[in-house]
Structures are given as structure tokens and as C-alpha cells.
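Trainee: Could we go through this model together? I should like to begin with the strands and then turn to the backbone.

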Amino acid sequence: MKPRRRLRVLHVGKFYPPFMGGMETHLQSLCGGLQELVDLNVIVANDARHSATDVVDGINVMRLGRSFNFAAAPICPDMSRRIREAEADIIHIHVPNPTAILAYLASRHGGRLVVTYHSDIIRQKVLGRAFRPVLDRALRRCSAIIATSPNYITSSSILSTLRDRCRVIPHGITVERFQNRDPVATARLREQYGPRTVISVGRLIYYKGFKYLIQAMSKVEGRLLIVGDGPLRSELEREARNRRVADRVIFLGEVEDVAPYYHASDLFVLASIARSEAFGIVQLEAMACGKPVINTRLDSGVPFVSLDGVTGITVPAADPDALAGAINLLLDNPELRSKYGEAARRRVEQEFSLDQMVRRTFHLYTEIAEMSLSHAPTVSVT
């Protein structure tokens, strides 16, 4: 019997590593797992006006020349032609990415369309409303729309009208990378920062809610490690001084390997305050290290990742008192920390591994390969 041809898949994103961001990290991880299963190519924007093609960890990445940015979206005049000329069975676009959607529609490519819907357009509300008809047109052409949590389908005004096309495939991580402890590094950090240590990881930007976490530390006997950098660093350092906790709030900036910091800490906090935090993948990293999570009750995938009363505690957003209460409860109760931490580790292993994400995505590709564009899957976790 003649062997079956491998599916040809073209991923279209904004950028690709070494340009770093949440969507870019996800794209790299997913493509890394899929490259052994499909014929894979990637199209993204370059950070310069010229185009360049390179191979990143075995993956063909075409970085198209970028003329300018519009509302943080890279404008690549050649993207439509590149999509049209791609001999792909499936075009897989990662959104929000208005210019990629426009380029796809203009290309009139005849293959199946899959969209990973990372987030609504949150801050640029005027642009979001103006772009909505175009996005709706593209989404209604989809054979499948991948959402990263059932919560986001329910809470998104866009996805909630397209439930019949949605498939839930959560983000996944390489669990072993975080579970393999470096005992020497962990012991050194514990000696340096002492007991009752809280960790939070993320860019220092408005929706991460670090201001409220710093305020909470004025009512906590312990130390907070903040891993990450961003435009609000000076403002947050000033907040720590004003709250008289600067000696107990440590800004570490970017670190080469965050895993030892997770292992050296007692618990993890994600204090995000807006649904711009669509998932909170850093929760998975902490959970893989066996740490309980304190997160916030957002109408996004955040409370879907770490479950209140199972793998940690969920509190109202932008509430320093609630954050302090949850932190103190866990710091004062090692048995509860251990219970939640073990449950967190099991949940990541069972639901959020990179292998699971890749398997679910490949299964979706094979499922839609012989479907007509008018037929779509139902909402489920494969």
C-alpha cells in the first residue's frame, strides 16, 4: 500500500524566537513538537525591512520584511503572496494578529484554516470593534478554532458565538524541565532568601497586578521574589519603598533558569488584574515544581489552570487584603501547601504537558484534513 503523504502545515504568527513573548514561546514549543509529525513551515514578521529565511531547531522560519507597525501589529506587504503560494493543506494562524488575518483573506488560499485564539483584543478597543467584521469573516471560514480554556470560550464575545467551531487545547509545557531539580542551586537560594518565600514571575506591566501583590506584602511576614522585567519596574520599586517592604521585595529581573527559584520558594502568586492574562502559563511552571498557586478570579483561563481549593487558592483581582490572607494561610500551613502542591503537580502532568498539547493539535489536524470547510468540531478537550 502506498504510504500516506504527511500533512503540510503553515503556521502564521507575529514573530518567532529569539524574539520573546508568550505567543512566540507557544509557537516555538508547538512547532517543535509537530515537526516530526507534519511537514511544517512558519511565516512571521522580521524586526527589519528585509526578509530572511532561517532554520531554527530544524524548523523552516520565513521572517518577512516589516514596513511599519500599526497598533502594535507588524505590517508585512509580502505576507499575502507568501500565504497564497504556500503548498499547505492547513494554514494555522495565531491571533490576535490583524495583519495576518487580512493577509490570509487576501491570499484566497484554498487549504483548511485553523486559528489558535490566544486572546481577545483587550486594550485597543476601537481597533477591536473596527476589525471585528473582518475577524468574524475569517473565523467563520475556520475548520477549527483552538481556545486554550473552556472559560475563554464562554467569556469571549467573539468565541461564544462560534462555539460549534471551537476546540479546547490548553497550553502545555515540558514538565520534566521544571521537575528536574538542581539541589545545589535550590539550597543556595533557600539559604540566601530564607524561609517563607513567595515567588511571582512575569513582565512588569499593568495587567500583571504586581502593585497589589507588593501592597499585600505589607501584611505578610515573608519575602517576595519577582522574576521578570518591564516598563513598570521603577514604579514598582517605588511602591515597595512607599509600603516599607523594599527589604523584603526582591526584583531579580530576568534569570537564566527560573526552575531553582520555583523550587526554593514556598508558593507561587499570579496577581493579574485583567483578562489580558488569558491563561497564565507561568502557573504551569510553578505547578510542575510542586508549588501551590494563588491566582485571581478573572473571566479568562487563569482560574481554569489552577483550581481553587484543589491546587491552590483563587482570590478577587486587585485585592491586596485577599492576596495577603491567602499567602499567610499557605505560609502558616505546610500541610495545606503540600496537599495543593502535589495536586498541582498531578494536574500539570495529566492535562498540561507539551506532549498532550502536540498530540491534541495533531489529532485535530488529522480530524479536519478530510472535512469540508462548512463542517466543524464541537467544544471539547481531546
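Mentor: The conversation below takes up strand pairing, crossovers and unusual backbone geometry.

Mentor: This is a predicted model, in which local features need pLDDT of at least 70, side-chain atom pairs count only at pLDDT 80 or more, and totals for chains, interfaces and linings use all residues. Residues are numbered from 1 along each chain as its sequence is written, and side-chain values use heavy atoms, with hydrogens and water left out.

Trainee: Which way do the residues of strand 9 point?

Mentor: Strand 9 covers residues 144-147; Ala144 and Ile146 point one way, Ile145 and Ala147 the other way, and all are buried. Strands here are DSSP runs (E, at least two residues), as are helices (H or I, at least four), numbered from the N terminus. Buried means under 20% relative accessible area, exposed over 50%, and partly exposed in between, with a 1.4 Å probe and protein chains only.

Trainee: Why the alternation?

Mentor: In a regular strand the side chains alternate between the two faces of the sheet.

Trainee: In which sense does strand 9 pair with strand 8?

Mentor: Strand 8 (residues 112-117) pairs with strand 9 in the parallel sense, over four bridges; a pair requires at least two DSSP bridges. Thr116 has Ile146 as its bridge partner in strand 9.

Trainee: What do strands 8 and 9 make with helix 4?

Mentor: Together with helix 4 (residues 125-139), strands 8 and 9 make a right-handed β-α-β unit. Right-handed means that, with the strands pointing away from the viewer, the path from the first strand over the helix to the second runs clockwise.

Trainee: And where does the chain cross after strand 9?

Mentor: From strand 9 the chain crosses through helix 5 (residues 150-155) to strand 10, and this β-α-β crossover is right-handed. Strand 10 (residues 166-168) pairs with strand 9 in the parallel sense over three bridges, and Val168 in strand 10 is the bridge partner of Ala147.

Trainee: Changing topic: which residue does a cis peptide bond join to Pro18?

Mentor: That residue is Pro17, and omega is about 20 degrees. Pro18 lies in the loop between strand 1 (8-12) and helix 1 (22-34). A cis peptide bond also joins Val95 and Pro96, with omega about 15 degrees.

Trainee: What about phi at Arg108?

Mentor: Arg108 is not a glycine, although its phi is positive, about 55 degrees. Most residues other than glycine have a negative phi, and most peptide bonds are trans.

Trainee: Is Arg108 buried or exposed?

Mentor: Arg108 counts as exposed because its relative accessibility is 72%. Arg108 is in the loop between helix 3 and strand 8.
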